[in-house]
Amino acid sequence: MPPIEASTLVAAFGHRWSGDDAFGGLVADALRPRSVPGLALLDLTECGPTGLLDALEGQVGLIVVDAVLVEGLDTGELIDLDWRETTGLAIAHEKTCSTHGFSVARQLELADQLGLLPAPVRLVGASLQSTRLGTSVSPAMRRAVPRAVARVTRWVDRWRKEATAVTAERR
Amino acid sequence: MSNSRSSSSAGEGAGKTRTLKVAALARVEGEGGLHLEMVDGQCRAARVDIYEPPRFYEAFLRGRDFREVPDITARICGICPVAYQASSCHALEKAMGIFNQVDPPLRALRNLIYCGEWIESHVLHMFLLHLPDFLGQESALALVATHGPAVKTALRLKKLGNAIVALLGGRAVHPVGMCVGGFHAVPEKPACQALADQVKPAIDEMAELTLFLAEKLTYPRLERDYEFLALCPPNEYPMNLGRIRSNKGLDVDQEEFLQSIEEQHVAHSTALHAEVKGRSHYLVGPLARLNLNSDKLHPRALELVPKVSRLIDTPLPWRNNFLSLLARGLETVHALALSYDLLREYRPPSRTVVPFTPRAGVGGHGTEAPRGICWHQYRTEADGTIASARIVPPTSQNLAVIEEDLIEYAPSLNDLSDEVAGLRCEHLIRNYDPCISCSVHFLKLTRTFRRSENSRP
């Protein structure tokens with residue numbers, strides 16, 4: 001029986017009609033046709049983020065993709081952090097899309113406290129300019145999409161190989 | 001989301017005022033304002049200030065093809081899209097003259113997808129948004145430390161609800177399965193059986209949780225003589241069908257709904273208020289449904305009613321909307337049990353959609369969204385283009401009665417700090433599980449206190 005491939009959940013957040021907050025959705029759109037081994041894509045850009053909690057079970061890693069608000073960074077500058085190092089960052093999605101007061105950060109915290117979060121959790125984001133409803137994503141953010149895709153696929157590949165190696169050792 | 005509360009006072013003796021402000025209501029969607037005017041310790045006025053911009057769905061549906069309406073209206077709400085799709089489909093089926101031709105198996109599938117929505121919506125609200133209020137905790141995060149297993153169970157139940165919606169709708173959020181006349185596609189029997197096997201143990205889990213909530217929580221007392229409004233079908237607990245009835249004598253066909261109620265613009269709200277014509281504001285939602293239809297609950301839920309009533313020492317009908325938490329619990333047991341039966345008994349229908357030719361017509365119909373009656377009316381042109389649309393969401397129907405609740409409740413908060421008073425008001429508002437995607441946002445609390453000229457200092 002072939003081994004079940006470990007997967008990393010890539011959760012894309014944001015509001016596609018709110019300027020640079022569409023960043024997560026654009027990364028999801030770029031990832032979708034690539035069929036990256038070990039990548040499970042969760043596109044939450046058309047609704048509130050409560051679906052994240054449902055999708056975490058059995059994942060070996062989680063990558064949150066979103067626009068972020070960070071002082072001192074240029075628009076489109078990439079951020080790639082361990083989630084636990086993100087204190088002080090305002091994830092743009094929280095300002096533009098909230099379903100019953102249950103934000104991205106809240107879901108991550110809740111998942112962490114419930115023991116649902118996989119060990120590696122990263123935020124891959126890009127520094128935003130504006131999330132004004134009805135505006136287009138800025139050119140600098142759009143240029144950041146391929147860099148984010150490359151970063152995400154690198155993490156997914158690394159964690160897949162690590163998980164596969166661990167499984168092989170146990171046998 | 002900031003949640004600051006502040007106060008100010010001015011004047012002495014007869015002219016003393018006190019203003020309490022709460023910047024934002026936690027654990028409901030969006031922002032809004034609440035102002036309480038206190039005179040001699042009594043609340044003379046409660047105003048829920050709604051400043052969410054209008055969303056213009058009724059306007060931009062005009063000129064669209066009728067087939068687009070279910071998917072467009074589903075985007076009014078990310079939590080209750082099935083309700084909007086169901087109401088729009090039924091209303092348009094009336095406009096097209098095929099309402100009575102929709103096959104019973106297709107009606108059963110509409111009940112099934114509705115069960116999924118009730119389960120995920122009720123569970124999310126009960127355990128992650130409302131339960132912290134009863135336990136004196138700020139959020140579901142704090143709940144994990146004290147009630148971790150219950151939170152985990154709740155998340156698993158919510159996921160089951162999403163799975164039911166996805167089975168019939170293609171995906172859990174903004175499902176795309178339902179259409180005018182039936183469904184675009186229906187599942188295969190093995191998929192239904194597999195899901196039934198997951199649902200079965202959840203029935204007992206939810207029953208236990210409901211009894212736990214009845215036994216262990218303290219419910220604030222606020223009993224009022226509400227007019228409860230709900231669908232009342234003859235042989236089933238209301239979801240998709242039924243006459244519209246109240247506990248105060250209203251009993252009308254669905255098509256008479258707009259003639260029976262009146263929606264009003266109020267200066268402080270971009271959401272309309274509603275009342276039974278010539279009478280009173282009314283309440284829709286789980287408490288209304290339960291009080292008017294408890295005998296039609298699934299037997300697995302019905303058997304809990306006397307146990308729950310005994311634990312809270314209050315027989316039905318319940319007139320305290322703090323007990324809406326338990327009404328949701330009972331409805332979730334009902335939805336799980338009903339969905340198990342429907343999944344287990346499922347056979348693919350002989351046809352997925354009723355064939356018809358678009359025509360000019362008018363149709364109005366409401367279904368029971370998790371928060372109450374969600375009513376739609378459409379007028380179509382001969383080619384099926386939408387000529388006009390009217391949508392009455394549940395949350396806006398409850399806004400006036402929320403204000404009335406606050407007027408009655410506020411005097412009990414006089415001696416409390418602004419922080420605590422604000423939290424208590426938020427708790428009351430969360431009884432209604434207001435859905436801001438459908439309506440508007442909450443909550444900034446202000447209070448003014450003054451004495452009347454005739455009162456003694």
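Start with strand S1 of chain A, residues 8-12, in this predicted model. Five of its five residues are buried, so the strand is largely enclosed by the rest of the structure. Colour the two faces separately. A:Thr8, A:Val10 and A:Ala12 lie on one side, A:Leu9 and A:Ala11 lie on the other, and all are buried. In a regular strand the side chains alternate between the two faces of the sheet.

Now add the strands that pair with S1(A). Select residues 61-69 of chain A, which form strand S3: five bridges join S3(A) to S1(A), and the two run parallel. To find one of these places, pick A:Ala12, whose bridge partner in S3(A) is A:Val65. Then select residues 39-43 of chain A, strand S2, which also runs parallel to S1(A) and is joined to it by five bridges. Here A:Ala11 is the residue to pick, with A:Leu42 of S2(A) opposite.

Next, go to helix H5 of chain A, residues 139-170, and select A:Val152 in it. Is A:Val152 buried or exposed? Its relative accessibility is 0%, so A:Val152 counts as buried. Show its surroundings, leaving aside neighbours within four places in sequence: A:Val152 is in contact with A:Val10, A:Leu31, A:Leu39, A:Ile63, A:Val65 and A:Val124. Two of these names have come up already: A:Val10 belongs to one face of S1(A), and A:Val65 is the bridge partner of A:Ala12. For a distance check, draw a line between the C-alpha atoms of A:Val152 and A:Ser35; they are 13 Å apart in space, while the residues are 117 apart in sequence.

Zoom out to the whole of chain A. How many helices and strands does chain A have? There are five helices and six strands, and along the sequence they follow the pattern β-α-β-α-β-β-β-α-α-β-α. Of the 171 residues in chain A, 54% are buried. Among contacts in chain A with a separation of 6 or more, 83% are between residues 24 or more positions apart.

Move to chain B and select helix H4, residues 104-134. Follow the helix to B:Met126, the centre of a kink of about 35 degrees. H4(B) is mostly covered, with 28 of its 31 residues buried. After the helix comes B:Gly136, which has a positive phi, near 65 degrees.

Stay in H4(B) and select B:Glu117. Which side chain of opposite charge is nearest to B:Glu117? That side chain is B:Arg371, 6.5 Å away; B:Glu117 is buried but has no salt bridge. A polar atom of the B:Glu117 side chain does lie 3.0 Å from the backbone nitrogen of B:Ala83. Now show the contacts of B:Glu117 beyond four places in sequence: they are B:Ile79, B:Cys80, B:Pro81, B:Val82, B:Ala83, B:Val165 and B:Pro370.

The last stop is a sheet in chain B. Three strands form an open sheet in the order S7-S8-S9, with antiparallel pairing. The edge strands are S7(B), residues 229-232, and S9(B), residues 251-252, each pairing on one side only. Select S8(B), residues 243-246, and look towards S9(B): two bridges join these antiparallel strands. End on B:Ile244, which stands opposite B:Val252 in S9(B).

Methods. Residues are numbered from 1 along each chain as its sequence is written. Chains are lettered from A and ligands numbered from 1 in the order in which they are written. This is a predicted model: local features need pLDDT of at least 70, side-chain atom pairs count only at pLDDT 80 or more; totals for chains, interfaces and linings use all residues. Side-chain values use heavy atoms; hydrogens and water are left out. The bend at a residue is the angle between axes fitted to the seven residues ending there and the seven starting there. Helices (H or I, at least four residues) and strands (E, at least two) are DSSP runs, numbered from the N terminus. Buried means under 20% relative accessible area, exposed over 50%, partly exposed in between (1.4 Å probe, protein chains only). Lys and Arg count as positive and Asp and Glu as negative; His and the chain ends are not counted. A salt bridge is a side-chain nitrogen of Lys or Arg within 4 Å of a carboxyl oxygen of Asp or Glu. A polar contact is a pair of N or O atoms within 3.5 Å; within protein, one must be able to donate a hydrogen and the other to accept it, and residues adjacent in sequence count only if both atoms are side-chain atoms. Contact means heavy atoms within 4.5 Å. Two strands pair if DSSP finds at least two bridges between them.
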